[in-house]
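The following paragraphs lead through one protein chain, from a single helix outwards to its pockets, its charged pairs and its overall layout. Please keep the sequence and the coordinates in view while reading.

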Amino acid sequence: MKKHLRLLLFLQLTVLFVSAQDSSKVVRKGFIPKDKLFELLYVPFDVPAGTTEIRVKERYDKMKVNVLNMGIYDANGYQDAAGFRGWSGGAKKEFFIAEASASTGYIAGNINAGTWNILVYPSTIAPEGLSWTLEITLVPGKQQKIVEGKPAAVQLNTIAGWYRGDLHMHTLHSDGRRTTDELVAEAKAKKLDYIISTEHNTNAANLNWGRYDSKDLLIINGEEVTSTRYGHWNAIGLDAKTVVDWRYKPEDGIIGKYVGRVHQDGGLAIINHPFYDKGDKTFKFDEKEFDGIEIWNGEWNVLNALALKWWDESLRKGVKKIAIGASDTHIASGSPNNLGRPQTVVFAKGLSKNAILEGIKKGRVYIAAGDSVSLQLTVNSAGKTYGIGDQLPKNTAADVHLTVKGCKNTVLMVIGDKGLISSHQLADDVQTIDMKVKPGSSSYIRVEVRKADQTMVALTNPVWL
Ligand SMILES: [Zn+2]
Ligand SMILES: [Zn+2]
C-alpha cells in the first residue's frame, strides 16, 4: 500500500512536472467592422510568472485586401512607451519575444508576469469587415541570461568636413527586406559616411547597431514615427532605448510633446514625404513643430516636386525649415529608393552623432543625387566668408562663389525669395560660377541643379542674406 502511494505520488509529481514545462495557449478572436478602420484595439492576456518566451500568430480573413497592423506591450502597460516590446505593423503575421532573443522589430529581455497587450489596428479593410484570431503561446522555462544590446558608437572622429549620408531606411526590423548586415555592407560599398536607422515605430534595430562599429561608417539611431492615417515623420538622433510614440491624432494637439521628446535626446524631427500618396498632402500634424522636411525621397519624382514647392513657399515667408533628402530604401537594388540616392551632405565638426545633427540643425546641408555630385557655395561679404546655412549681416553686398562637380549638361539656378535670380548652363564636369547679389534684393539665396527634363541633381539649403 505504502509502495503504491509512493508510486502514485511519484506519478502525480511527474505529471505536474511535465505540465509545468508545457506551453499554454491563449486564443483571442474578434471582428472589426469597416467603420472601425484605423481604430486601435488592445487585446489583453495574462502572462504567468516563469514564462520565458511568448509567441504570437495573427490570422485574419482576406489577407490580400485587409491589413491588420500588430505590436505588443508588456506588463508595464500600454499607456505610454514604458511597456513597449515591439512593432511590426503589417509586415509580419507572427513573432516571438524571449529573454535572450526576439523576432526583428521586437525587443528581447525580461518577460514580466502580469497583463500584456497586443495592439492591432486595420490600415485597410474590406467592405464586409475583418475577422481576426490571435494565437498566443506562453512558454515556461529556465530563466536565461538577459543580454544587454550594444548601441552604435556616437563619435568616429573630430575632423571638420562635409559628410555624406542617408537619413531614412528600413531593414527586416520593420518592412524592409534586407538584414542589418546587408544594409551596412551596402552603405560601406557606397562609401556613405553616415546612415540613420529609421524603422517604423520601433527601436529594436537601434539597440544593436554597435556590432557594426567601424572607423568609416557612423550609424545614428532614429525612428520613422508612423501613423498610417496622419503621416510619417523621422525622429533622428535618438538614444538607443528611446521609442517615440505614434498613437495620437493631430486634433489632440500634443505633437509638440513628442517632438520635444526627440529634442530631449539631442535629435531632430523631420516631416517625411509629405505628399506621399497620390499627390495629396498626407502629412496632417502641425508643421510648425518640426525642424525639417524630407523634400527629396528616393528617385526625383512629381511628389518630390510638390514637397519642394511647399518648402519653397514657406521659405519665402521666412520660415526656416531644413530641407533634407533620403532614399527611404527598403530593398537592396532595382528600386526607385536605392540606398544613397539621394544623399544629404552635411558640414559637421566631426563624424559624430552630435556634430552631424548640429550641422543639419544649422542648415549646413545640401542634397546630391549621388556620390559623384558635389557642390560648394560660399558667399563673401564685408571681408568674411559664409557658407550654406549661415546668416550674413543684413543689407551687405554678397559675392557668391560656386564650384560644382559631376553636373555636366545641367542647368544651375540661383533662387531667392522672389524666384529665379540667375541661371547657368553647366557644360563641363567641373565648373565654377561667380556672381553678385545686390544688398536687400533677397533675404536668401539657394541653388538647384537640374537636368533638361527637370530631374533634380543637387539642391542646397539657403544662405541667409
Ligand atoms: Zn514613410
Ligand atoms: Zn520610410
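Which residues are buried in helix α2 (residues 180-189)? They are Thr180, Leu183, Val184, Glu186 and Ala187, where buried means under 20% relative accessible area, exposed means over 50% and partly exposed lies in between, with a 1.4 Å probe and protein chains only. These residues lie on the same side of α2, because they cover an arc of only 160° around the axis, the arc being that of the directions from the helix axis to the C-beta atoms. An α-helix has 3.6 residues a turn, so residues three or four places apart point the same way. The buried residues of α2 pack against β10 (194-197) and β11 (218-227), and α2 is followed by Lys191, whose phi is positive, near 60°. Helices (H or I, at least four residues) and strands (E, at least two) are DSSP runs, numbered from the N terminus.

Some conventions should be stated before going further. The model is predicted, so that local features need pLDDT of at least 70 and side-chain atom pairs count only at pLDDT 80 or more, while totals for chains, interfaces and linings use all residues. Residues are numbered from 1 along each chain as its sequence is written, chains are lettered from A and ligands numbered from 1 in the order in which they are written, and side-chain values use heavy atoms, with hydrogens and water left out.

Helix α2 also appears in the description of the largest pocket, since α2 and β5 are the elements that give two or more residues to its lining. This pocket has a volume of about 920 Å³, and of the 39 residues that line it, the closest to its centre are Ile107, Ala108, Gly149, Leu207 and Asn208. The structure also holds 2 cavities of 30 Å³ or more, and about 50 Å³ of space lies in the largest cavity, which is lined by Tyr73, Ala81, Phe84, Asn201, Val243, Val244, Asp245, Trp246 and Arg247. On a 1 Å grid over the protein atoms alone, a cavity is a set of points where a 1.4 Å probe fits but cannot get out, whereas a pocket is an open set with protein on both sides within 12 Å along at least five of seven lines, and lining residues have an atom within 4 Å of a point. Grid points are joined across faces, edges and corners, and a volume is the space filled by probe spheres set on the points.

Strand β5 holds Arg85, which is buried, with a relative accessible area of 6%. Arg85 forms a salt bridge with Asp74, the closest N and O atoms being 3.0 Å apart, where a salt bridge is a side-chain nitrogen of Lys or Arg within 4 Å of a carboxyl oxygen of Asp or Glu. Because Arg85 lies in β5 (residues 84-89) and Asp74 in the loop between β4 (67-73) and β5, the pair ties together parts that are 11 residues apart in sequence. Asp74 is likewise buried, at 4% relative accessibility. Leaving aside residues up to four places away in sequence, the contacts of Arg85 (heavy atoms within 4.5 Å) include Ile107 and Ala108, two of the residues named as closest to the centre of the largest pocket.

Other charged pairs can be read in a similar way. Side chains of opposite charge can pair when their charged atoms come close. Arg450 and Glu448 meet in a salt bridge at 2.9 Å, N to O; Arg450 is buried at 13% and Glu448 is buried at 4%. Salt bridges that share partners join Asp312, Arg316, Arg446, Glu448 and Arg450 into one network. Within this network, Arg316 is in helix α4 (residues 302-316) and is partly exposed, with a relative accessible area of 39%. By the same rule, the count comes to 26 salt bridges.

Finally, the chain as a whole comes to 5 helices and 26 strands, and buried residues make up 52% of its 465 residues. An automatic or database domain assignment gives domain 1 (20-140), domain 2 (149-371) and domain 3 (373-465), with the C-alpha centres of domain 1 and domain 3 lying 52 Å apart. The C-alpha atoms fill a box of roughly 110 × 50 × 40 Å, taken along the principal axes.
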